[in-house]
Amino acid sequence: MALHTRLEHHSLVPQRELAELIAQSGGDGAVVSFVGLARGTASDGKPVQTLVLEHHPVMTIKSLEEIGADALDRFGVSHVWVVHRAGSVLSGEPIVFAAASSPHRRPAFEAADYLMDRLKTDAIFWKREEGPEGSHWIEPTQADRSDRDRWESGSAD
Amino acid sequence: MQVRFYGKLAEQIAREIELDQAGGTVADIRARLSEIYPNSADDLRSPLVRACMGDQLVDDSFPLDSGDVVEFFAPVSGG
């Protein structure tokens, strides 16, 4: 089993990450990937030009590693691959690439789903949306927390 | 003691301050900071704001020395 986690400060190219994961997933029959993009609209409908992701020099990558390791252990997939942006991300640009490979498709689908639910609530980032009408800090929504909690209750397994 | 802030706390207070404090627990530091920065007192006292020492999250009873660097995390946004 292999874990690849990385914080990317300038640009994230999902197709490059996917190509590299496929190249390393020799023998596996399934690769599932998810790409998160910066939205151009805030939850209140106001336009967003830039999403700023502040991070901690040690704890942020540590949180990505813990989430990735949990996915490897929980689903027994062969590879977990998580690359996350930090810094300023323009709307429409990729923020996160989360993927898993495994011999068969089901564990890879579940691991990718789990990775995103955990990342959305437990990854150590502070996000600020900036637009023409100002900026504001954002926190996980109740829906994000419910998505994460379903893995703890076992209802997602 | 050096105190660093992240997220909205860094915007409200500063990224880093020098606090003239002999020592005490994390709870003591929260109380002292709340006096100095009353506009952020609700956040500083909130359990959603976590303290971090030596790259480990610590609870309110954790003891600190005057030379320590303690960090306070505003509620994280997730990825």
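Start in chain A of this predicted model by selecting A:Glu129 in β7(A), and look across to β8(A), where A:His136 is the bridge partner of A:Glu129. Now widen the selection to both strands. Strand β8 of chain A covers residues 134-138, and five bridges tie β8(A) to β7(A) in the antiparallel sense. The turn joining them is short to trace: two residues lie between β7(A) and β8(A), and the two strands form a hairpin.

Next, add residues 50-55 of chain A, which make up strand β3. This strand also pairs with β7(A), residues 125-131, again in the antiparallel sense, here over six bridges. To find the register, select A:Thr50, which stands opposite A:Glu130 in β7(A). Strands of a sheet pair through backbone hydrogen bonds, either parallel or antiparallel.

Stay on β7 of chain A and pick A:Trp126, which is found in that strand. Is A:Trp126 buried or exposed? With 25 other C-beta atoms within 10 Å, A:Trp126 is buried; the cut-off for this class is 20 or more. Now show the residues around A:Trp126. Leaving aside residues up to four places away in sequence, A:Trp126 touches A:Glu54 and A:Trp137 in chain A, and B:Tyr6, B:Gly7, B:Ala74, B:Val76 and B:Ser77 in chain B. For a distance to check in the viewer, draw a line from the C-alpha atom of A:Trp126 to that of A:Glu139: the two are 13 residues apart in sequence and 8.0 Å apart in space.

Before leaving chain A, select two helices, α3 (residues 105-122) and α4 (residues 142-153). Their axes are 8 Å apart and the packing angle is about 130°, and α3(A) and α4(A) are therefore oblique to each other. The crossing of α3(A) past α4(A) is left-handed. To see the contact, show A:Tyr114, A:Asp117, A:Arg118, A:Lys120 and A:Thr121 on α3(A), together with A:Asp144, A:Arg145, A:Asp147, A:Arg148 and A:Trp151 on α4(A). Colour these by class and the contact of α3(A) with α4(A) has seven charged, two nonpolar and one polar residues.

Now go to the boundary between the chains. How many residues of chain B are in contact with chain A? There are 11 of them, and they meet 20 residues of chain A. On the chain B side, the residues that touch chain A divide into five nonpolar, four polar and two charged.

Move into chain B and display its open sheet of five strands. Reading across, the order is β2-β1-β7-β4-β5, with mixed pairing. At the edges are β2 (16-18) and β5 (56-58), each with a single partner strand, so one side of each is left without a neighbour in the sheet. From one strand to the next the twist averages 30°.

Select β7 of chain B, residues 69-73. Four of the five residues in this strand are buried, and the strand is mostly covered. On one pairing, β1 (residues 2-6) of chain B runs parallel to β7(B), joined by five bridges. On another, β4 (residues 50-53) of chain B pairs with β7(B) in the antiparallel sense over four bridges. Select B:Phe73 to see both pairings: B:Phe73 is the bridge partner of B:Tyr6, and B:Arg50 stands opposite B:Phe73 as well. Further along β7(B), B:Glu71 has B:Cys52 opposite. In a regular strand the side chains alternate between the two faces of the sheet.

From β4 of chain B, follow the chain into the loop that leads to β5, where B:Asp55 has its place. What is the phi of B:Asp55? The angle is positive, about 60°, although B:Asp55 is not a glycine. B:Asp55 counts as exposed, with 11 C-beta neighbours inside 10 Å; the limit for that class is 12 or fewer.

For the last stop, select helix α2 of chain B, residues 26-36, and pick out B:Arg32 within it. B:Arg32 has 17 other C-beta atoms within 10 Å and is partly exposed. A final line to draw runs from the C-alpha atom of B:Arg32 to that of B:Leu44: these residues are 12 apart along the chain, and the separation is 9.7 Å.

Notes. Residues numbered from 1 in each chain as written. Chains lettered and ligands numbered in written order. Predicted model: local features only at pLDDT ≥ 70, side-chain atom pairs only at ≥ 80, totals over all residues. Pairing = 2+ DSSP bridges. Axes fitted to C-alpha atoms, helices over the stretch in contact; angles between N-to-C directions. Parallel < 35°, antiparallel > 145°, perpendicular 65-115°, else oblique. Left-handed = near helix turned anticlockwise from the far one by under 90°. Contact = placed C-beta atoms within 7 Å. Nonpolar A, V, L, I, M, F, W, Y, C, P; charged D, E, K, R; others polar.
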